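Hi everyone, thanks for coming. I'd like to walk you through one structure today, so please have the picture open while I talk.

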Amino acid sequence: IIKKSWLRLWSKDEPIPRLKYVFTSYDPAFTEKTENDPTGCVVLGLFEDMDGELSAIVLDAWSEHLAYPDLKMQIISDWEVGYGEGEKLKKPDLAIIEVKGGGNALIPDLRDTKVQIARFNPGRADKLERLHSVSWFVKDGKLYLPESRKNPGEVVSYLEKFVEELTNFPLVKHDDMVDALSQALILLNKEGFLEGVTTNRDDDDDDDQRYYSKPSTNPYMM
């Protein structure tokens, strides 16, 4: 569904853009058993691109087998993290949590904390339908990932597992980070944060062996 060529690298030579919003998104599962599905989390930072629209950069992504108390504390801990660089650090504005499954117990238990929660109900749409519905955002080149300083032209190492899961879905064992991404993009699109743009990319052009397409310029350095 998502091609590697659609993902864009944010140059290692440029600072993380000034973030307008930060969202943490969780697909919760309460288990320490590795044969079961883990909890998936994706952290998105939204910033104004050179077209004056909002693009997103993946600030973090992980999947872990966590027992309920550990997951609750992880979400509370994530809420206090600052993202960005220098004086531009931005803490999360909203934590998006799926209401089905583990979220039904988790959400009420977080009400007495500082975490501001947005409930996501997937309804009858399955995982494939949800990702298809927001794939346009990625295809239009609006989703960025930080470039590795050690391996230029590749994504930072802590997002490699996320990229592998996203670009091989649905042919993967676990898809919890994919679910966390799709539910965040669906909710942000519904609330009017995201806008589609026209793309001139040739999706069938395989001449470029790189997995990612770098932007030609950085709007914040113009």
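Let me start with something to look for: in which sense do strand E4 and strand E7 pair, and over how many bridges? Find E4 at residues 54-64 and E7 at residues 143-146. They pair in the parallel sense, over 2 bridges. If you want a landmark there, Ala56 stands opposite Leu143 in E7. And a quick reminder before I go on: this is a predicted model.

Okay, let's step back to the whole chain. There are 5 helices and 7 strands in the protein chain. Reading from the N terminus, the order is β-β-β-β-α-β-α-β-α-β-α-α. The chain has 222 residues, and 47% of them are buried. Now take the contacts with a separation of 6 or more: 68% of those involve residues 24 or more positions apart.

Now the sheet. It is an open sheet of 7 strands, and the order across it is E1-E7-E4-E3-E2-E5-E6, with mixed pairing. Which strands stand at the edges? Those are E1, residues 8-10, and E6, residues 117-120. Each has a single partner strand, so one side of each has no neighbour in the sheet. From one strand to the next, the twist averages 30°. For anyone new to this, strands in a sheet pair through backbone hydrogen bonds, and they can be parallel or antiparallel.

Let's go back to E7, because there's a nice bit of detail here. We've already seen E7 pair with E4. On the other hand, E1 and E7 also run parallel, joined by 3 bridges. The residue to find in that pairing is Leu9, which stands opposite Leu145 in E7. So what about the faces of E7, are they covered or open? Both are covered. Leu143 and Leu145 are on one side, Tyr144 and Pro146 are on the other, and all of them are buried.

Next, what packs on the sheet? Helix H1, residues 68-79, does, and it touches E2, E3, E4 and E5. Its direction makes about 155° with that of E5. Then there's helix H3, residues 127-139, which lies across E4, E6 and E7. H3 runs at about 135° to E4.

On to the helices H4 and H5. How do their axes cross? H4 is residues 160-168 and H5 is residues 176-190; their axes come within 8 Å and cross at roughly 80°. That makes H4 roughly perpendicular to H5. Who meets whom? From H4 you have Lys161, Phe162, Glu165 and Leu166, and from H5 you have Asp176, Met177, Val178 and Leu181. Sorted by class, that contact has 5 nonpolar residues, 3 charged ones and no polar ones.

Let me zoom in on one of them, Lys161, which is found in H4. Is Lys161 buried or exposed? It's exposed, with a relative accessible area of 51%; the cut-off for exposed is over 50%. Leaving aside neighbours within four places in sequence, Lys161 is in contact with Ser63 and Met177. Lys161 and Met177 are 16 residues apart in sequence, and 9.3 Å apart in space from C-alpha to C-alpha.

Last topic: salt bridges. How many does a search of the whole structure find? The count is 10. Here are some of them. Asp13 and Lys12 meet through their side chains at 3.2 Å, N to O, and Asp13 counts as exposed at 57% relative accessibility. Lys90 and Asp93 meet at 2.8 Å, N to O, and Asp93 counts as partly exposed at 29%.

The one I'd spend time on is Lys127 with Asp175, where the closest N and O atoms are 3.3 Å apart. Lys127 sits in H3 and Asp175 in the loop between H4 and H5, so the pair ties together parts that are 48 residues apart in sequence. How accessible are the two partners? Lys127 is partly exposed, with a relative accessible area of 32%, whereas Asp175 is buried, at 13%. And this pair has company: Lys127, Arg130, Asp175 and Asp179 are linked in a network of salt bridges.

That's my tour, thanks for listening!

Definitions and conventions:
Residues numbered from 1 in each chain as written. Predicted model: local features only at pLDDT ≥ 70, side-chain atom pairs only at ≥ 80, totals over all residues. Heavy atoms only, no water. Axes fitted to C-alpha atoms, helices over the stretch in contact; angles between N-to-C directions. Helix = DSSP H or I, 4+ residues; strand = E, 2+ residues; numbered from the N terminus. Parallel < 35°, antiparallel > 145°, perpendicular 65-115°, else oblique. Contact = heavy atoms within 4.5 Å. Nonpolar A, V, L, I, M, F, W, Y, C, P; charged D, E, K, R; others polar. Pairing = 2+ DSSP bridges. Salt bridge = Lys/Arg side-chain N within 4 Å of Asp/Glu carboxyl O. Buried < 20%, exposed > 50% of the residue type's maximum accessible area, 1.4 Å probe, protein only.
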